[in-house]
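Got the model open? Let's go through a few of the labels people put on it and ask what backs them up.

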Amino acid sequence: MPRISSRARSFPDSPIRKLAPLADAARMRGIHVHGLNIGQPDIPTPPEFLEALRGYDAKVLAYGRSEGEPELREAFADYYRQAGLTVAPGEIVVTAGGSEALLFAMQIVAEPGDEILCFEPFYTNYSAFARMSGVTLKALPTEAAEGFHLPAEAAIRAALTPRTKAILLCSPNNPTGTVLTAGELDLVARLAEEHGLFVIGDEVYREFVYEGRHTSVLAIPGLERRAILVDSVSKRYSACGARIGCLVSRHPDVVAAAIRFAQGRLCPPVAEQRAATAVARLGLGFFDPIREEYRRRRDAAFEGLQAIPGVHCLKPAGAFYLMAELPVSDAEAFSRWLLTDFQKDGETVMLAAGPGFYADGSGARGRSQARLAYVLEVPKLARAMACLAEAVEAYAAVRVV
Ligand SMILES: Cc1ncc(COP(=O)(O)O)c(C=O)c1O
């Protein structure tokens with residue numbers, strides 16, 4: 001049998017998805033699994049999106065433009081204008097989700113072997129995109145005690161090397177929920193200017209901020225040509241399956257390169273772009289009730305966790321995740337046990353274990369942490385938290401015997 005490449009062999013399972021077979025087996029045994037492991041919102045996709053999809057009546061579902069359909073690029077530019085950002089449609093490249101925008105951004109800014117500086121814990125797929133690109137993700141730790149905000153300037157400076165090509169920021173953050181301040185972005189802008197770096201801003205949760213204000217990398221003076229915004233309709237319009245996102249840059253070479261990459265994969269999904277155009281025109285008021293719903297869920301998840309002895313977490317300011325410290329020595333083993341050995345009245349919970357959100361991934365960091373996504377309605381979240389409380393107690397008992 002031929003042998004697959006070392007890159008393929010060493011590519012890890014997604015820490016968010018790898019327990020899925022155990023969850024399926026639990027469901028087969030009739031157990032209800034509260035899925036807190038993945039950021040799949042249950043907020044209905046807007047009817048405007050689904051109607052546009054149903055109304056797509058072309059005789060042939062043909063290839064579209066590599067850079068995205070002009071109507072969608074214009075609708076996105078309008079959306080950014082309403083959000084206070086001046087972006088021309090020509091500075092927007094439509095991608096297959098924020099995922100493809102991240103992959104393009106990494107490959108545009110860095111040679112294989114170069115470094116991108118990021119801050120851990122981070123969205124676990126950054127590691128996947130970096131591996132696909134041959135780029136080294138150099139991760140500086142952020143700490144719960146500091147609200148998972150950026151480390152001190154001296155620590156960031158010390159981590160920059162001649163091979164560093166970009167700083168990757170995620171705000172509002174997955175998995176911590178932290179929203180970076182304008183001051184933090186100014187610091188990054190200053191360092192980027194001094195060291196000739198790009199700044200990749202992953203802002204796919206930009207509409208979900210409950211405390212403070214979201215500042216975009218595109219709004220920071222000094223980053224005009226350095227900022228690359230990664231964005232997506234997945235979470236914003238609860239349309240994860242549409243696979244529509246974008247890369248935005250005011251650097252002409254970055255846009256031109258992104259379009260060349262885009263030509264290599266021909267075009268993003270065409271009918272879904274029509275649907276995304278319909279929702280991109282809904283205006284910013286569309287997000288108010290959704291943001292309030294997430295705020296209620298955040299409060300319910302936070303209060304539920306606070307009530308569990310030994311569990312510690314911060315109240316997140318944005319996105320829909322929180323990173324919790326659990327009273328277990330190995331959150332991965334605990335997450336497996338939840339699916340294989342535990343149930344309370346026919347229910348259990350599914351978590352994403354902490355180590356996968358750290359560059360090292362071995363468990364040296366984040367070993368007793370888990371990420372929870374508060375993507376369920378408040379009554380369901382309350383049940384899930386009650387179930388988790390029972391599980392933590394039961395686990396302590398089985399570990400003692
Ligand atoms: C921080 C962050 N960036 C990017 C993505 C990719 O999203 P998509 O490819 O669905 O747009 C996700 C998905 O969960 C995310 O959490």
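**Checking the labels**

Q: What makes Arg81 and Gln82 of helix 4 count as exposed, and which face carries them?
A: This is a predicted model, and exposed here means 12 or fewer other C-beta atoms within 10 Å of a residue's own. Arg81 and Gln82 fall in that class, and they sit on the face of helix 4 turned away from its buried side.

Q: Which residues of helix 4 are buried?
A: Leu72, Arg73, Ala75, Phe76, Tyr79 and Tyr80 are. The cut-off for that label is 20 or more other C-beta atoms within 10 Å.

Q: How do you know on which side of helix 4 those buried residues lie?
A: Look at the arc: they cover only 160° around the axis, which puts them on the same side of helix 4. Their cover includes strand 2 (92–95), strand 8 (245–249) and helix 10 (270–280).

Q: How do you know what span helix 4 should have?
A: Take 1.5 Å times one less than the number of residues. For the 13 residues of helix 4 (residues 70–82) that gives 18 Å, and the end C-alpha atoms are 18 Å apart, so the two agree. Just past the helix, glycine 84 has a positive phi of about 90°.

Q: What about helix 8: what span is expected for its 14 residues?
A: The expected span for residues 182–195 is 20 Å, and the end C-alpha atoms of helix 8 are 20 Å apart, so that agrees. Glycine 196 follows helix 8, with a positive phi near 65°.

Q: Which residues of helix 8 are buried, and what do they pack against?
A: Leu185, Val188, Ala189 and Ala192 are the buried ones. They fall within an arc of 105° seen down the axis, so they line one face of helix 8. Strand 5 (164–170) and strand 6 (198–202) are what they pack against. Gly183 and Glu194 are exposed, on the face turned away from the buried side.

Q: Why is strand 6 called largely enclosed?
A: Five of its five residues are buried, so the rest of the structure largely encloses strand 6. Phe198, Ile200 and Asp202 point one way, Val199 and Gly201 the other, and all are buried.

Q: What makes strand 5 and strand 6 a pair?
A: Pairing needs at least two bridges. Strand 5 and strand 6 have five, and they run parallel. Alanine 166 stands opposite phenylalanine 198 of strand 6.

Note on methods
Residues numbered from 1 in each chain as written. Predicted model: local features only at pLDDT ≥ 70, side-chain atom pairs only at ≥ 80, totals over all residues. Helix = DSSP H or I, 4+ residues; strand = E, 2+ residues; numbered from the N terminus. Arc of directions from axis to C-beta. Contact = placed C-beta atoms within 7 Å.
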